[in-house]
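Hi there,

Here is the structure I promised to send over. Have a look at it first, and then read on for what I found in it.

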Amino acid sequence: MTEVSARERETAAEGAVVSIGSHLKNHLRDYGMLLALVVIMAFFQVVTDGTLMRPVNLTNLILQNSYIVIMALGMLLVIVAGHIDLSVGSVVGFVGAVAAVMLVQYELPTPVVIPACLILGILIGAAQGYWIAYWRIPSFIVTLAGMLVFRGLTLWVLQGQSVGPFPRGFQLLSTGFIPDAFGIGRPNATAILLGAATAAILVYMAMRDRRRHMKYGIEDEPFSFFLAKNGLIAAAIVFLSYMLATYRGLPNVLITMAVLTAAYTFLTNSTTVGRRIYALGGNEKAAKLSGIPTERLTFLTFANMGMLAALAGLIFAARLNTATPKAGVAFELDVIAAVFIGGASMSGGVGKIVGAVVGAFIMGVMNNGMSILGIGIDYQQVIKGLVLLAAVIFDVYNKNKST
Amino acid sequence: MKNIHMQAILEMQGITKSFPGVKALDDVNLTVARGEIHALVGENGAGKSTLMKVLSGVYPHGSYDGDIVFEGKPVAFSGISDSERDGIIIIHQELALVPLLSIAENIFLGNEIAKGGVVDWPETNARTEKLLKTVGLKEKPVARVDTLGVGKQQLVEIAKALSKKVKLLILDEPTAALQENDSQKLLDLLLELKAEGISSVLISHKLNEVSRVADSITVLRDGKTVSTLDCHSEKISEERIIRDMVGRDMAHRYPERTPEIGETLLDVAEWNVWHPLQTERQVIRGASFRVAAGEVVGIAGLMGSGRTELAMSLFGKSYGRNISGTVKLRGKEIDVSTVGRAVANGLAYVTEDRKALGLVLEEDVMRNTTLANLARVSRNGVIDNAEERQVAERYRTALGVRTPSVFQKVMNLSGGNQQKVVLSKWLFTEPDVLILDEPTRGIDVGAKFEIYTIINELAGQGKGVVMISSEMPELLGMCDRIYVMNEGALVGELKGSEANQEKIMSMIVRS
């Protein structure tokens with residue numbers, strides 16, 4: 001008896017040891033990119049002599065990438081649904097231009113301009129989504145047309161000129177910071193508290209999920225691994241908020257970005273709409289024969305993308321404090337690259353919000369780090385291109401190995 | 001007669017071809033005499049197409065056992081191009097024409113009349129014109145193929161074969177998609193070609209056509225040669241052929257069920273459907289049928305007879321256009337104009353093509369199970385994970401889906417288990433009537449029995465089940481009533497107890 005139970009314990013222990021390794025292997029695709037981000041950050045931290053992680057640079061990094069991250073959220077849905085949107089860069093420019101004209105030439109108040117521009121974005125997305133969803137015109141073509149049309153309209157609206165500067169209230173959209181509620185000064189206590197609270201909430205939710213999964217006996221993550229993972233994530237968030245606190249605190253866009261990321265993670269993971277978008281991208285015919293209104297979902301996905309592109313356009317204009325005809329040029333490529341680096345599949349049905357955000361930051365950190373090093377734009381492009389290719393090859397390689 | 005056999009153009013001897021787990025062909029012999037029309041008949045899955053694939057080199061030499069002797073020489077084809085070079089040309093049921101190219105371009109595709117890569121169009125068109133005259137097609141060589149009807153396209157295929165100096169022409173169900181007069185024209189053409197010394201193998205289900213043109217008939221059943229009949233030495237009756245085609249013992253067993261048939265559930269009347277692209281072609285002609293509670297109703301018919309089209313057009317107009325007719329459930333007319341409405345009104349359709357139309361292969365068992373009824377596991381659009389999982393577990397247990405967990409991607413499951421997942425999905429919508437399209441296609445015998453058991457349980461719960469199948473023994477073993485479908489019409493109805501394969505087959509071939 002004792003012998004048997006001893007052996008059982010041994011195999012159980014062995015199983016646990018093996019499972020950390022095999023767990024990592026099984027989830028290489030999930031953690032691979034996060035790991036890559038950490039490695040890339042560490043690399044640039046070293047080669048830039050610590051400039052990368054300075055509070056002022058971290059703040060910059062967030063401001064610079066906010067609009068890419070926000071658009072990546074919408075692009076992930078578009079790509080998961082099996083489509084692509086090439087027009088987002090032009091929409092950024094166009095919405096920024098319209099906002100500038102409304103604010104500067106017509107002197108409309110900011111609280112009117114922002115919702116009006118978001119609605120404009122929804123209409124733009126809906127106009128493109130209509131042809132894609134109900135006329136079955138390939139999204140590549142419709143949005144390629146949109147890319148040209150809205151770039152042209154940007155030039156027309158701005159008459160080829162830059163329009164600015166904007167009222168202070170509008171600029172806060174991008175350059176504002178959460179004020180220090182306690183008046184201690186630096187480090188900003190609000191920022192640290194918010195960071196700590198976020199970390200605590202995330203850990204609490206992870207534990208709740210794990211408990212519930214354990215109840216059903218479906219948890220395959222070793223506990224030590226769970227602890228290490230969540231500990232690291234919480235530490236990273238607290239550390240980041242502390243760093244930001246020693247500069248000017250949490251930027252408004254960081255809050256916008258975090259809230260949107262949370263909302264879209266919820267949408268994709270937990271709602272029927274999210275589930276149906278994955279099914280639509282995975283097998284449109286099967287989804288349709290299951291009674292899912294595939295056309296309407298496609299349409300809404302593009303309308304949503306239009307809204308997020310408009311928001312990105314507002315933030316970008318606010319950040320530059322001027323709307324230029326060149327605003328948003330080639331943004332679509334960064335956004336699409338971010339989503340694919342984050343593990344989405346070109347054929348649809350596969351991809352995660354977290355992946356897209358991580359992908360956006362990989363691109364962002366590389367841009368930032370290489371700029372600090374003074375690497376020319378020529379090499380930067382080459383390196384970014386190769387990283388995109390490597391990320392997708394890594395994905396495909398993993399997939400082939402697993403099947 | 002002796003003379004004919006002396007001059008065999010083709011002899012296939014002892015052909016055996018195995019796939020993992022199945023012997024598709026078992027010691028098959030086929031001898032085609034020079035200048036004859038040889039008919040090859042048999043049920044779906046009897047091995048006709050496999051045999052022709054062996055002959056044409058789709059299955060290369062070495063992947064099968066046995067010998068092929070063509071024009072007195074043993075041959076070893078390693079691909080279609082080899083067999084075509086020797087003059088063996090096969091015309092498949094699904095035509096292999098490029099719709100957007102002209103007749104001339106299609107005929108000489110891959111075989112262009114060209115010098116140094118530059119096509120000689122005048123010569124191409126002139127030769128095409130001659131070929132079209134031979135096959136009796138009055139069209140210009142530059143006419144685009146998609147402007148032609150199916151019958152004319154078939155003639156283009158034959159012209160293409162003639163351009164390659166064909167010696168043995170193989171036609172796989174050439175008249176399946178043709179109207180009566182087009183079929184007659186095609187058969188006349190075969191007789192003309194025969195007069196010019198071209199031999200052909202005609203694969204057909206239509207025994208009246210076979211008796212009209214064939215010089216001899218080979219019957220295949222379950223991958224074996226059953227008989228070779230000479231049409232000139234004796235009068236071959238259709239009964240004789242049918243008996244040879246279907247005369248096997250019931251190989252499978254079916255679970256017992258005592259039918260308790262209740263009120264009429266589904267009542268479809270005068271259902272008409274036109275082809276989605278070829279607007280002049282009517283795919284379903286005035287089909288009327290009904291299903292009662294607790295009843296399993298079969299729809300028998302050959303491939304291409306319109307069974308799937310009937311089912312899919314009923315299910316949210318997922319197939320066809322200009323659909324007309326009425327659908328009643330428990331005597332009340334219901335709206336089936338979209339899949340959502342059809343499901344809400346109590347219909348469910350389990351597709352014949354589970355991979356392409358039934359499952360999201362990249363997703364897991366749970367997500368596939370709840371896909372058609374997410375509303376039941378969600379509140380205000382937010383999915384209740386715990387409830388969803390319980391539902392998935394419940395159906396997994398009830399249907400005996402063998403999977404390590406409900407989080408397994410369905411692409412990793414076997415065919416039988418995938419089919420159970422599709423069934424789970426539709427059972428979770430709690431339908432009144434289930435239409436099962438080829439529910440046991442491509443799954444092994446054990447899993448088949450399990451699916452039959454599930455079907456019987458559903459009927460026992462008072463649901464109406466419509467079962468479409470190409471396997472007649474399955475219909476005979478399972479159904480309380482069987483409708484026979486041919487060319488888009490329901491041509492007969494038999495009680496399960498009175499039905500047998502001969503009756504069904506003769507309804508098909510004589511309609």
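P165(A) sits in the loop of chain A that runs between α6 (139–158) and α7 (168–175). The peptide bond leading into P165(A) from G164(A) is cis, with omega near -10 degrees. Please keep in mind that this is a predicted model.

Two other loop residues caught my eye for their backbone angles. D49(A) has a positive phi, near 55 degrees, although D49(A) is not a glycine. You will find D49(A) in the loop between α2 (28–47) and α3 (55–80) of chain A, and D49(A) counts as exposed because it has 8 C-beta neighbours inside 10 Å. In chain B, K165(B) also is a residue other than glycine with a positive phi, near 55 degrees. K165(B) lies in the loop between α6 (150–163) and β9 (168–172) of chain B, and with 12 C-beta neighbours inside 10 Å, K165(B) counts as exposed. As background, most residues other than glycine have a negative phi, and most peptide bonds are trans.

Now to the interior. The largest nonpolar core has 255 residues. Those with the most contacts inside this core are M71(A), A72(A), L76(A), A99(A), L314(A), V339(A) and M467(B). Helix α13 of chain A (residues 294–320) gives the most to the core, with 17 residues. To follow one of the core residues outward, take A72(A): setting aside neighbours within four places in sequence, its contacts include V335(A), A338(A), V339(A) and A356(A).

Helix α13(A) deserves a look of its own. Its 27 residues reach 39 Å from the first C-alpha to the last, close to the 39 Å expected at 1.5 Å a residue. Of those 27 residues, 23 are buried, so α13(A) is largely enclosed by the rest of the structure. The helix is followed by N321(A), whose phi is positive, near 60 degrees.

Another buried spot in chain A is I237(A), in helix α9 (residues 223–245). I237(A) counts as buried because 20 other C-beta atoms lie within 10 Å. Leaving out residues up to four places away in sequence, I237(A) touches G195(A), T198(A) and A199(A). L194(A) is 43 residues from I237(A) in sequence and 9.8 Å from it in space, C-alpha to C-alpha.

Where do the two chains meet? In the contact between them, 26 residues of chain B touch 21 residues of chain A. On the chain B side, α11 (339–344), α12 (354–358), β20 (382–383) and α14 (385–399) each supply at least two residues. By class, that side of chain B has 14 nonpolar, 7 polar and 5 charged residues.

Helix α14(B) has 15 residues and spans 21 Å from its first C-alpha to its last, close to the 21 Å expected at 1.5 Å a residue. Its buried residues are E388(B), R389(B), V391(B), A392(B), Y395(B), R396(B) and L399(B). They cover an arc of only 160 degrees around the axis, which puts them on the same side of α14(B). After the helix comes G400(B), with a positive phi near 65 degrees.

Finally, chain B is divided into domain 1 (2–246), domain 2 (250–346 + 431–511) and domain 3 (360–429). The C-alpha centres of domains 2 and 3 of chain B lie 25 Å apart, and 11 residues of domain 2 are in contact with 9 residues of domain 3. Helix α16 of chain B (residues 445–460) gives the most to the domain 2 side of this contact, with 4 residues.

Best wishes

Technical notes:
Residues numbered from 1 in each chain as written. Chains lettered and ligands numbered in written order. Predicted model: local features only at pLDDT ≥ 70, side-chain atom pairs only at ≥ 80, totals over all residues. Core = buried A, V, L, I, M, F, W, Y, C linked by C-beta atoms within 7 Å. Contact = placed C-beta atoms within 7 Å. Nonpolar A, V, L, I, M, F, W, Y, C, P; charged D, E, K, R; others polar. Domains from an automatic or database assignment. Expected span 1.5 Å × (residues − 1). Arc of directions from axis to C-beta.
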